[in-house]
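Biologist: I'm new to this one and would like to know the reasons behind the labels. Could you take me through them?

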Amino acid sequence: MAKEVVDAITMKRALTRITYEIIERNKGIDNLVLVGIKTRGIYLAQRIAERLEQLENVKVPVGELDITLYRDDVHRSDHSVEPEVHGANIPVDITDKDVILVDDVIFTGRTIRAALDALMDVGRPKRIELAVLVDRGHRELPIRPDFVGKNIPTSLHEQIRVSVSEIDGHDGIAIEKLN
């Protein structure tokens, strides 16, 4: 059974806080590109871009990244073939841009490592920062987000479920115990 720990209003506030931190840290957003990691990271990136446009009157490009073939827990039979970025839909060249990767939850860091590999196959950004809605701890790799909506400490026997209205019909964050 899942227990909601963040409602839609609190989630919106967290995304707004991330947006303000992005503006503050980047001292302007003209060179910025947001790249959402499939699936929920894409919708969060779009929401941040909309808020950036409201606040700064600048339309920030938003890209999508599917890192499935870059995961280190997915095994390929033919190691001589480099994976392709099948789900990379980035509307601008990211070379020499300030890219902010956006994801819903950071846990071990493996998804972000895969996303970094995928991004480098698309272009060579000037800088890459990471924005996550939830940091739940338990890192296995030395990866740390630059922008965090909520720190929600969990046990290894729990899972974070982020719901976004575009997919799930409502916004919220819940913790659920694993069996």
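Modeller: Happy to. A salt bridge here is a side-chain nitrogen of Lys or Arg within 4 Å of a carboxyl oxygen of Asp or Glu. Searching the whole structure for such pairs gives 13 salt bridges. Keep in mind that this is a predicted model.

Biologist: What makes R25 and D146 a salt bridge?

Modeller: Their side chains come to 3.9 Å, N to O, and the cut-off is 4 Å, so the pair counts. R25 belongs to helix 1 and D146 to the loop between strand 5 (127–135) and strand 6 (147–151), so the salt bridge ties together parts that are 121 residues apart in sequence.

Biologist: Why is R25 called partly exposed?

Modeller: Buried means under 20% relative accessible area and exposed means over 50%. R25 has 38%, so it counts as partly exposed. D146, at 25%, is partly exposed as well.

Biologist: And D66, is that one buried or exposed?

Modeller: Buried: D66 has a relative accessible area of 18%, and the limit is under 20%. D66 also forms a salt bridge with K38, with the closest N and O atoms 3.6 Å apart. D66 sits in the loop between strand 3 (62–65) and strand 4, while K38 sits in the loop between strand 2 (32–37) and helix 2 (40–56), so parts 28 residues apart in sequence are tied together.

Biologist: How do you know that R139 and D135 pair up?

Modeller: Their side chains meet at 2.9 Å, N to O, which is within 4 Å. D135 is buried at 12%, whereas R139 is partly exposed at 27%. Elsewhere, salt bridges that share partners join R47, E166 and D171 into one network.

Biologist: Why does D104 have no salt bridge?

Modeller: The nearest side chain of opposite charge, R40, is 5.0 Å away, and a salt bridge needs 4 Å or less, so this pair does not qualify. D104 is buried all the same. It lies in strand 4 (residues 98–106), and beyond its neighbours within four places in sequence it is in contact with residues including R40, L44, V134 and V162.

Biologist: What does the UniProt record list for residues 99–111?

Modeller: An unreviewed UniProt entry lists them as "short sequence motif: PRPP-binding". In the model, that stretch is 15% helix and 62% strand, with its end C-alpha atoms 16 Å apart.

Biologist: What makes T111 partly exposed?

Modeller: Its relative accessible area is 24%; buried would be under 20% and exposed over 50%, so T111 falls in between. T111 is found in helix 3 (residues 110–122). Leaving out neighbours within four places in sequence, its contacts are I37, I67, R71 and D103.

Biologist: How do you know that strand 1 and strand 8 pair?

Modeller: Two strands pair if there are at least two bridges between them, and 4 bridges join strand 1 to strand 8 (residues 172–177), running antiparallel. A2 stands opposite E176, and V6 has I173 as its bridge partner. Strand 7 passes the test too, with 6 bridges to strand 8.

Biologist: Which strands are the edge strands?

Modeller: The open sheet has 3 strands in the order 1-8-7. Strand 1 (2–6) and strand 7 (158–163) are its edges, as each pairs on one side only. The twist averages 30° from one strand to the next. Helix 1 (residues 8–26) packs on the sheet, touching strand 1, strand 7 and strand 8.

Biologist: How many residues of strand 8 are buried?

Modeller: 5 of its 6 residues are buried, which leaves strand 8 mostly covered.

Terms used. Residues are numbered from 1 along each chain as its sequence is written. This is a predicted model: local features need pLDDT of at least 70, side-chain atom pairs count only at pLDDT 80 or more; totals for chains, interfaces and linings use all residues. Side-chain values use heavy atoms; hydrogens and water are left out. Helices (H or I, at least four residues) and strands (E, at least two) are DSSP runs, numbered from the N terminus. Axes are lines fitted to C-alpha atoms, for helices over the stretch in contact, and angles run from 0 to 180 degrees between N-to-C directions. Contact means heavy atoms within 4.5 Å. Buried means under 20% relative accessible area, exposed over 50%, partly exposed in between (1.4 Å probe, protein chains only). Lys and Arg count as positive and Asp and Glu as negative; His and the chain ends are not counted. UniProt positions are given in the numbering used here, feature names are shortened, and annotations may be inferred rather than shown by experiment.
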